[in-house]
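Notebook open, coffee ready. Today I'm looking up some strands and any enclosed space.

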Amino acid sequence: MRPGELDAGEIERWRELRALSGAPANPFMEPEFSLAVGRVRPGARVAVIGGDSGGPVGFFPYERGPLGQGRAIGFGVSDSQGPVLSPEHTLTAGELLSACSLSSWEFDNLEAGGGLFVPDAAEAFDSPVIDIGQGYEAYEAVLRAGSPKFFRTTTAKERRLARQAGEVRFVFDERDPAALRTLMAWKSAQYRRTGRRDRFAKEWISTLVRQLAADRPDRAPGCSGVLSVLYVANRPVAAHFGLRSRTVLSCWFPAYDTDFAKYSPGLVLHLRMAEAAAGAGIGLLDLGRGAAEYKDALKTGELRVYEGASVRRGPRAALYRLSREPSRRAHSFVRDRPKLAGYAQRALNQVGRLRDR
């Protein structure tokens with residue numbers, strides 16, 4: 001069915017199964033995210049898996065293409081994916097795909113607990129996280145011990161920013177739509193500058209972000225938007241838009257004003273976010289898959305996510321492999337070779353400079 005066709009009982013059962021799984025309450029895995037994607041993606045669907053007792057034993061959110069190719073719901077922007085299943089389920093991956101009339105199901109951030117599809121993964125990745133479950137002071141102590149130079153440098157830059165540019169102010173949950181527009185403009189410029197595809201050029205992504213930004217935690221406790229902004233003299237200099245549940249903040253779209261780059265406002269913002277999130281009862285910040293120096297400095301651990309596809313046997317399986325596997329293997333080849341990855345990044349930066357001319 002379409003996500004919006006789920007009734008209140010099914011949504012509540014989804015939440016119960018997520019709680020029973022013992023996995024972190026990642027907002028991308030909660031029903032509210034699928035409901036939001038369903039409002040902007042016509043191909044969004046949720047398979048409701050029945051059990052012997054009559055009630056659902058699982059939910060499988062996905063998007064279906066014109067020839068039966070499936071993808072994780074919100075593919076391209078969803079940072080945690082997979083079915084939501086009770087231990088009572090007896091389905092295999094092939095049976096689930098067949099029941100959904102899917103020839104394949106592609107994922108790039110499959111949750112480690114999504115055991116049904118993990119055997120089909122082509123690669124595994126670490127998703128860095130910040131554990132603030134013991135409070136911000138405990139996290140700061142970890143930073144001081146593990147990344148002392150990083151912590152000293154970042155806090156010194158924040159003080160210098162205040163001295164040289166004006167009063168520094170942080171808002172954890174900013175509701176001003178103008179601040180969100182500013183963040184999206186910064187992020188689009190960053191994508192162009194680094195030669196990457198501008199996600200916000202896709203109307204469904206920009207609409208999805210705006211809709212999630214309008215949700216409040218009291219209306220959507222499993223998945224609501226949080227816009228955090230660092231101001232200097234009432235001018236925004238860094239911002240982040242992410243999704244939160246009651247206990248997890250998934251970091252999603254960070255960006256900053258390049259005029260203030262020498263002060264590392266993005267790093268200052270992340271420290272302020274960790275402090276505010278801990279104060280709001282959040283115990284985990286998921287920084288998301290992808291290598292970055294700032295993530296290595298901030299993280300306290302990692303979660304495992306997987307990339308790949310589950311493909312049913314048949315002529316469409318060969319078609320899928322021909323269309324997707326060469327590209328995936330090429331990306332993997334470059335990513336696993338730091339020197340080659342550096343050349344690729346410089347080439348992307350050059351593309352970005354040519355775009356801006």
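I started with S9 and S10: in S10, leucine 249 is the bridge partner of arginine 244. The model is predicted, so I noted the rules: local features need pLDDT of at least 70, side-chain atom pairs count only at pLDDT 80 or more, and totals for chains, interfaces and linings use all residues. Numbering runs from 1 along each chain as its sequence is written, and side-chain values use heavy atoms, without hydrogens and water.

I checked how S9 and S10 (residues 248–256) pair: antiparallel, over six bridges. Strands here are DSSP runs of E, at least two residues, numbered from the N terminus, and two of them pair if DSSP finds at least two bridges between them. The two form a hairpin with three residues between them.

Then I looked at the other neighbour, S8 (residues 224–232), which pairs with S9 in the antiparallel sense over nine bridges. Glycine 225 has leucine 243 in S9 as its bridge partner. This hairpin has two residues between the strands, and alanine 233 takes a positive phi near 50°.

Why do I call S9 (residues 235–244) largely enclosed by the rest of the structure? Because eight of its ten residues are buried (under 20% relative accessible area, 1.4 Å probe, protein chains only).

Last, I hunted for empty space. Which residues, of the 14 that line the largest cavity, are closest to its centre? I wrote down Phe28, Pro61, Ile73, Ser80 and Gln81. (A cavity is a set of points on a 1 Å grid over the protein atoms alone where a 1.4 Å probe fits but cannot get out; lining residues have an atom within 4 Å of a point.)

Technical notes: Buried < 20%, exposed > 50% of the residue type's maximum accessible area, 1.4 Å probe, protein only. Helix = DSSP H or I, 4+ residues; strand = E, 2+ residues; numbered from the N terminus. 1 Å grid on protein atoms, 1.4 Å probe; cavity = no way out; pocket = protein on both sides within 12 Å on 5 of 7 lines; lining within 4 Å.
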